[in-house]
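Here are my notes on the model, set out as numbered points. Please read them with the structure open.

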Amino acid sequence: MSDTTTLNEPDLKEAGSDASEASASTSPFGSTGVGDAAVNFAERYGDILTKVNSTLDQVDWSLMGRIAKGTGVFLAVIVAQILIKGVLDTINLLPVVPGLLELLGLVVVGQWSWQNLTTSEKRNAVLAQIQGLRKEYLG
């Protein structure tokens, strides 16, 4: 056996209150009763909340607004891509529809190009709109 002695429950009763106080001080919660443990937990919880609040007060929230907007746009794009992929996979299973949709896409792009890109004035107007949108969203 080992050289260290340990007190088991009957030995604690015989040793008296000094031994029970010593065992209470070695308790992981530092208290003897349930009420003391609840008070100790409340104090620790309050300390943790104080530290969290002080840390959050140091954060530059104006920067967080930009980060949140960027993250929101990023998540919306991901969700939109997942939904679009599902729709396209479903459409792709139909025999004639994919070819018709490709033809429709070519017609729409051709018509838009004819209306907006035939003259230099129209091309300059499209570039101005794109630059306006870029300035509006990117700053």
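**Notes on the helical chain**

1. Start at the C-terminal end. Gly-139 has a positive phi of about 90°, and this residue comes just after H6. The model is predicted, so that backbone angle is a computed value. Helix H6 itself covers residues 120-138. Its 19 residues should span 27 Å at 1.5 Å a residue, and the end C-alpha atoms lie 26 Å apart, so the two values agree.

2. Now the overall fold. The protein chain has 6 helices and 0 strands. Read from the N terminus, the order of elements is α-α-α-α-α-α.

3. Burial deserves a comment. Of the chain's 139 residues, 4% count as buried; the cut-off for that class is under 20% relative accessible area. The accessible surface of the chain is about 12400 Å². Carbon and sulfur atoms account for 65% of that surface.

4. Which residues make up the nonpolar patch on the surface? They are Ile-48, Val-52, Leu-56, Trp-61, Leu-63, Met-64 and Ile-67. Together they offer about 640 Å² of accessible area. Helix H3 (34-57) and helix H4 (61-93) each contribute at least two of the patch residues. H4 gives the largest share, with 4 residues.

5. Take Ile-48 as one member of that patch. This residue sits in helix H3. Its relative accessibility is 51%, so Ile-48 counts as exposed; the class begins over 50%.

6. Helix H3 also carries an aromatic contact. The structure holds 1 aromatic pair. Its partners are Phe-41 and Tyr-45, and the pair is stacked, with 6.1 Å centre to centre and 20° between the planes. Planes under 30 degrees apart are classed as stacked, so the 20° angle qualifies. Both residues lie in H3, 4 residues apart, which is about one turn of the helix. An α-helix has 3.6 residues a turn, so residues three or four places apart point the same way.

7. Are the two ring residues buried or exposed? Phe-41 is exposed, at a relative accessible area of 57%. Tyr-45 reaches 49%, so this residue counts as partly exposed.

8. Last, the charged contact. The structure has 1 salt bridge. Lys-85 pairs with Asp-89, and the closest N and O atoms are 2.7 Å apart. The cut-off is 4 Å, so this pair qualifies. Both residues belong to helix H4; they are 4 residues apart, so about one helical turn separates them. Lys-85 is exposed, with a relative accessible area of 51%. Asp-89 has 38% relative accessibility and therefore counts as partly exposed.

Methods: Residues are numbered from 1 along each chain as its sequence is written. This is a predicted model: local features need pLDDT of at least 70, side-chain atom pairs count only at pLDDT 80 or more; totals for chains, interfaces and linings use all residues. Side-chain values use heavy atoms; hydrogens and water are left out. Patches are made of residues with over 30% relative accessible area and no salt bridge: like charges are joined within 9 Å, nonpolar side chains (Val, Leu, Ile, Met, Phe, Trp, Tyr) within 5 Å. Accessible areas come from the Shrake-Rupley method with a 1.4 Å probe; for residues, only the protein chains shown count as cover. A salt bridge is a side-chain nitrogen of Lys or Arg within 4 Å of a carboxyl oxygen of Asp or Glu. Buried means under 20% relative accessible area, exposed over 50%, partly exposed in between (1.4 Å probe, protein chains only). Rings of Phe, Tyr and Trp (its six-membered ring) pair if their centres lie within 6.5 Å; planes under 30 degrees apart count as stacked, over 60 as edge-to-face and the rest as tilted. The expected span of a helix is 1.5 Å times one less than its number of residues.
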